[in-house]
Amino acid sequence: MSLKTLFVSSEIYPFAKSGGLADVSYALPKALSENVDVALIMPLYKSIDREKFGITSSGVSFKLTLDSVNYKVEYFFALYNGLKCYFLYSEILSERDNLYGTANSGYEDNDVRFGLFCHAVIHFVQNFATSFDVLHLNDWQSAICALLVKEKKLNIKTVFTIHNLAYQGIFDKSSLDRLDLSEDYFTSESLEYYEDVNFLKAGIAYSDYITTVSPSYAKEILTHEYGLGLDGFLQVYSHKLSGILNGIDTKDFSPKTDESLWQNYDAKLMSEKQTNKLNFLESIELTDEKRPLFIFIGRFTWQKGMELLINSLKEIATLNVNIAILGDGEEKYHKAFRKIAQKYENIDVRFGYDEKTSRRMYAAADYLLMPSAFEPCGLNQMIAMNYGTIPIVRAVGGLKDSVKSIEKFNSNESSGFGIVFEEMNKDALIHSCEDAVKLYHQKQLLRKIKRHNMNQDFSWKNSALEYEKIYKNITRK
Ligand code: ADP
């Protein structure tokens with residue numbers, strides 16, 4: 001009999017997405033569903049198009065009382081691409097313009113919003129669902145579920161996945177009251193964190209198993225440099241921690257079928273990739289398609305190497321290249337990018353979240369820039385390689401695990417290849433871009449590497465099997 005797993009996430013593609021977590025929260029369950037009986041659960045934000053996805057009310061609502069405040073929760077259901085999806089609606093959780101707040105600050109009551117989400121998930125599991133063997137929790141927003149499972153002595157095992165240690169869900173101590181959690185949890189072995197409450201610690205301490213999204217990141221978060229204040233705490237639990245590299249949904253992110261593109265192509269039909277480049281350059285009014293096209297797509301945050309990128313763009317722009325940037329994030333970076341775009345005729349910057357443009361960029365580009373300060377896994381580099389775009393990455397976290405240096409290019413090796421640099425400094429990044437320009441003129445080798453990358457398997461197949469193994473091991477105990 002197959003294991004029953006409920007995958008709990010605060011964002012799932014295509015219903016609601018702010019980053020890679022949403023991609024993973026769809027693609028991993030989809031891959032798992034080959035062998036595991038998996039269902040998904042997330043908040044029903046008001047931005048989710050109920051009609052488009054066929055989301056209907058179960059007709060069942062329940063009341064949760066936390067710290068003498070009553071919250072009404074209603075659950076909804078949809079079958080999406082064969083996956084059972086549950087949605088929890090409650091006014092405080094759902095009726096907001098954004099998922100978590102703005103790029104500069106989260107909603108002040110996110111403790112209650114996501115604490116309530118966790119209470120509601122547990123209530124749902126106890127009262128409405130057929131019994132689950134495993135709850136697979138993701139990031140701080142669902143971490144409190146692990147604590148509640150232990151507190152209520154439920155016969156369910158929990159796996160907790162850390163997608164990004166930088167987001168820990170830190171709130172004032174009074175959160176414990178607001179969520180009806182005992183003061184006993186306010187110790188350094190439990191949720192207390194420098195006089196505040198840290199939700200992520202609940203996932204780490206109370207889950208049966210912890211995963212992160214790449215083997216390198218699993219090691220890095222145990223160090224002072226990358227542990228973001230939790231390295232010591234994580235070390236205590238390192239016996240139940242491992243890293244599993246994310247995949248991408250290769251059916252969805254496929255240049256062969258992607259409907260956003262001007263022209264579909266595959267590893268054999270690379271000239272069609274050039275059509276996408278020509279059209280894209282025209283659409284953003286950049287000229288000279290003979291220049292290599294470098295792109296950056298992502299959140300404008302320190303994590304993604306924004307200072308380094310912004311400080312290096314002046315020099316990179318002189319290399320006879322075109323550069324297109326798409327993203328959203330902190331205002332100081334918007335300001336810097338606006339200035340740069342005005343000054344350099346070969347740099348185009350677009351602000352906002354735009355799925356279609358991002359796909360067109362992956363198809364059009366020669367190189368993807370990813371100079372991350374840290375990178376738990378990163379999906380962009382895998383999407384890029386699948387579209388025949390060579391990544392230029394810093395050797396950190398999942399970038400290190402998914403992109404091998406072209407200096408060691410070997411067409412018999414089943415790995416993606418790109419330009420890899422170690423140091424987080426301008427010289428290293430600019431030098432890598434110079435190498436990229438040189439490689440661009442070695443047409444045969446360039447084509448060979450692009451083709452090789454496009455023929456690699458970046459799907460979830462192998463990683464889903466590893467998660468399945470973990471589910472089996474913990475439920476056996
Ligand atoms: P993150 O740290 O933001 O989760 P990942 O590399 O794991 O980064 O995943 C990022 C995902 O979001 C990729 O699918 C990427 O293409 C997409 N993405 C990021 N920023 C944008 C944007 N501004 N417009 C469209 N897609 C974006």
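**Questions around a bound ligand and a few loops**

Trainee: With a relative accessible area of 7%, H452 is buried. In which helix does H452 lie?
Mentor: Let's bear in mind that this is a predicted model. The 7% of H452 is under the 20% cut-off, so "buried" is the right word. The helix that holds H452 spans residues 443-454, and that is α17.

Trainee: Which residue has a backbone oxygen 3.5 Å from a polar atom of the H452 side chain?
Mentor: Beyond its neighbours within four places in sequence, H452 is in contact with F409, N410, S411, E413, S415 and F417. One of these contributes a backbone oxygen that lies 3.5 Å from a polar atom of the H452 side chain. That residue is S411.

Trainee: Let's turn to the ligand. How many residues surround the ligand?
Mentor: The closest are G20, R299, G352, Y362 and L379. By class, the shell has six nonpolar, eight polar and six charged residues. The number of residues surrounding the ligand is 20.

Trainee: What distance separates a polar side-chain atom of R299 from an oxygen atom of the ligand?
Mentor: R299 is among the closest residues to the ligand. Its polar side-chain atom is paired with a ligand oxygen. The distance is 2.7 Å.

Trainee: How far is a polar backbone atom of L379 from an oxygen atom of the ligand, and what percentage of the ligand's area does the protein bury?
Mentor: A side-chain N or O atom of K17 lies 3.4 Å from a ligand oxygen. For L379, a polar backbone atom is 2.8 Å from a ligand oxygen. On its own the ligand exposes 570 Å², and the share of this that the protein buries is 92%.

Trainee: Which elements give two or more residues to the shell around the ligand?
Mentor: Both helices and strands take part. The two strands are β13 (293-300) and β14 (322-329). Together with the helices, the full list is α1 (20-32), β13, β14, α13 (355-364) and α14 (380-386).

Trainee: How many of the 13 residues of α1 are buried?
Mentor: From first C-alpha to last, α1 reaches 18 Å, close to the 18 Å expected at 1.5 Å a residue. Its buried residues include L21, A22, D23, V24 and L32. The helix is mostly covered, and the number of buried residues is 10.

Trainee: Where is K304, and why does K304 count as buried?
Mentor: K304 lies in the loop between β13 and α11 (306-317). Leaving aside neighbours within four places in sequence, it is in contact with F296, R299, P371, S372, A373 and E375. K304 counts as buried because its relative accessible area, under the 20% cut-off, is 12%.

Trainee: With which side chain does the side chain of N35 make a polar contact?
Mentor: N35 sits in the loop between α1 and β2 (37-43) and is partly exposed, at 41% relative accessible area. Apart from neighbours within four places in sequence, it is in contact with S2, L465 and E468. N35 and E468 are 433 residues apart along the chain, yet their C-alpha atoms are separated by 8.1 Å. The polar contact, at 3.0 Å, is with the side chain of E468.

Trainee: Which residue caps the N-terminal end of α16?
Mentor: Helix α16 has 15 residues (426-440), so at 1.5 Å a residue it should span 21 Å, and its end C-alpha atoms are indeed 21 Å apart. Among its buried residues are A428, L429, I430 and V437. At the N-terminal end, a side-chain oxygen lies 3.3 Å from the backbone nitrogen of D427, and this oxygen belongs to N425.

Trainee: Is the peptide bond from Y13 to P14 cis or trans?
Mentor: Most peptide bonds are trans. P14 lies in the loop between β1 (4-8) and α1. Omega for the bond from Y13 to P14 is near 5°, which makes the bond cis.

Trainee: Is D288 buried or partly exposed?
Mentor: D288 lies in the loop between α10 (271-283) and β13. Its phi is near 70°, a positive value in a residue other than glycine. At 34% relative accessibility, D288 counts as partly exposed.

Trainee: What is the phi of E195?
Mentor: E195 is placed in the loop between β9 (192-193) and β10 (196-198). At 61% relative accessibility, over the 50% cut-off, it counts as exposed. Although E195 is not a glycine, its phi is positive, at about 75°.

Technical notes. Residues are numbered from 1 along each chain as its sequence is written. This is a predicted model: local features need pLDDT of at least 70, side-chain atom pairs count only at pLDDT 80 or more; totals for chains, interfaces and linings use all residues. Side-chain values use heavy atoms; hydrogens and water are left out. A residue is near a molecule or strand if one of its heavy atoms lies within 4 Å of it. A polar contact is a pair of N or O atoms within 3.5 Å; within protein, one must be able to donate a hydrogen and the other to accept it, and residues adjacent in sequence count only if both atoms are side-chain atoms. Accessible areas come from the Shrake-Rupley method with a 1.4 Å probe; for residues, only the protein chains shown count as cover. Helices (H or I, at least four residues) and strands (E, at least two) are DSSP runs, numbered from the N terminus. Ala, Val, Leu, Ile, Met, Phe, Trp, Tyr, Cys and Pro count as nonpolar, Asp, Glu, Lys and Arg as charged, and the others, Gly among them, as polar. The expected span of a helix is 1.5 Å times one less than its number of residues. Buried means under 20% relative accessible area, exposed over 50%, partly exposed in between (1.4 Å probe, protein chains only). Contact means heavy atoms within 4.5 Å.
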